[in-house]
Amino acid sequence: MGKFDINRPIAELFSVEPYALRIRNVCNSHDIATIRELCQHSNWDLLHFRHLGERSIVHIEDMLGKFGLRLGMTEEDLDAYMRFETEDDKDVTTIMRFEESEEVKWDQRRYEVARDLYVRYRGLSPYEAMEEAEKLILALQGVPEKNNRSKRRGNIFNR
């Protein structure tokens, strides 16, 4: 179980689908900006938010649980969570923060590239735009094409 800075934006914890976009949008509409604010809400509170169902709440609980957090925490619980830190936790937290923020940035770039491809090349389906975006992002990250897990036929720019 890792540790996470609960004062970070929700987008850093919920950046990967299946429910990430829905969770971020609902939290934004209810002025929940940080993980700390989210943890202060109970399951019951979240069930009453429009567009947030049981599966999304289970996903939230799972993601929070990975870092020793839960829904319905009090201010004291959250403060205690932030104070409890060993020397190993400090190193791991710093590494995790860097890796997660990098992952969030790449996910955001992937989304922006796919959106641009979809708008620019009207013949592409959203799925094809996502595939091409994945291929371009992997190339930017320096992943060789043969190690690339994608099963792409060809480049859209050669059409």
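Start by selecting S56. At 3% relative accessibility, S56 counts as buried, because the cut-off for buried is under 20%. S56 sits in helix 5. Keep in mind that this is a predicted model. Now show what surrounds the residue. Leaving out residues up to four places away in sequence, S56 touches Y19, R22 and I23.

**Helix 5**

Extend the selection to residues 54-65, which form helix 5. Check the length with a distance between the end C-alpha atoms. They are 16 Å apart, and 12 residues at 1.5 Å a residue should span 16 Å, so the two values agree.

Next, colour the buried residues of helix 5: S56, I57, H59, I60, M63 and L64. Look down the axis. These residues cover an arc of only 155°, which means that they lie on the same side of helix 5. Turn to the other side of the helix. There E54 and R55 are exposed.

What lies over the buried side? Show helix 1 (10-13), helix 2 (20-29), helix 3 (35-39) and helix 4 (43-47); the cover of the buried residues of helix 5 includes these four.

**Helix 2**

Move to helix 2. Select A20, I23, V26 and C27, the buried residues of this helix. Viewed down the axis of helix 2, they fall within an arc of 140°, so they line one face. The face turned away from that buried side carries N28 and S29, both exposed.

Which helices do the buried residues of helix 2 pack against? Display helix 1, helix 3 and helix 5 to see these partners. I23 deserves a second look, as one of the residues that S56 touches. Then step past the end of helix 2 to D31, where phi is positive, near 55°.

**The nonpolar core**

Now select F14, L38, I60 and L69. In the largest nonpolar core, which has 26 residues, these four touch the most other members. Helix 1, helix 2, helix 3, helix 5 and helix 6 (75-83) each give two or more residues to this core. In soluble globular proteins, nonpolar side chains tend to be buried together.

Centre on L69. Set aside its neighbours within four places in sequence. L69 is then in contact with I6, I35, C39, L64, L78 and Y81. Among these, L64 has already come up as a buried residue of helix 5.

**R8**

Go to R8, in the segment before helix 1. Is R8 buried, partly exposed or exposed? At 23% relative accessibility, R8 counts as partly exposed, because that class lies between the cut-offs of 20% and 50%. Show the side chain of E12 as well. A polar contact of 2.8 Å joins the side chains of R8 and E12. Then add A33. R8 and A33 are 25 residues apart in sequence, but their C-alpha atoms are 8.3 Å apart in space.

**The whole chain**

Zoom out and show the chain as a cartoon. It has eight helices and zero strands. Along the sequence, the pattern reads α-α-α-α-α-α-α-α. Colour by burial next. Of the 159 residues in the chain, 33% are buried.

Switch to a contact map if your viewer has one. Among contacts in the chain with a separation of 6 or more, 62% join residues 24 or more positions apart. Finish with the surface. The chain exposes about 10,500 Å², and carbon and sulfur atoms supply 51% of that area.

Technical notes:
Residues are numbered from 1 along each chain as its sequence is written. This is a predicted model: local features need pLDDT of at least 70, side-chain atom pairs count only at pLDDT 80 or more; totals for chains, interfaces and linings use all residues. Side-chain values use heavy atoms; hydrogens and water are left out. The expected span of a helix is 1.5 Å times one less than its number of residues. Buried means under 20% relative accessible area, exposed over 50%, partly exposed in between (1.4 Å probe, protein chains only). The arc is that of the directions from the helix axis to the C-beta atoms. Contact means heavy atoms within 4.5 Å. A nonpolar core is a set of buried Ala, Val, Leu, Ile, Met, Phe, Trp, Tyr and Cys residues joined through side-chain atoms within 4.5 Å. A polar contact is a pair of N or O atoms within 3.5 Å; within protein, one must be able to donate a hydrogen and the other to accept it, and residues adjacent in sequence count only if both atoms are side-chain atoms. Accessible areas come from the Shrake-Rupley method with a 1.4 Å probe; for residues, only the protein chains shown count as cover.
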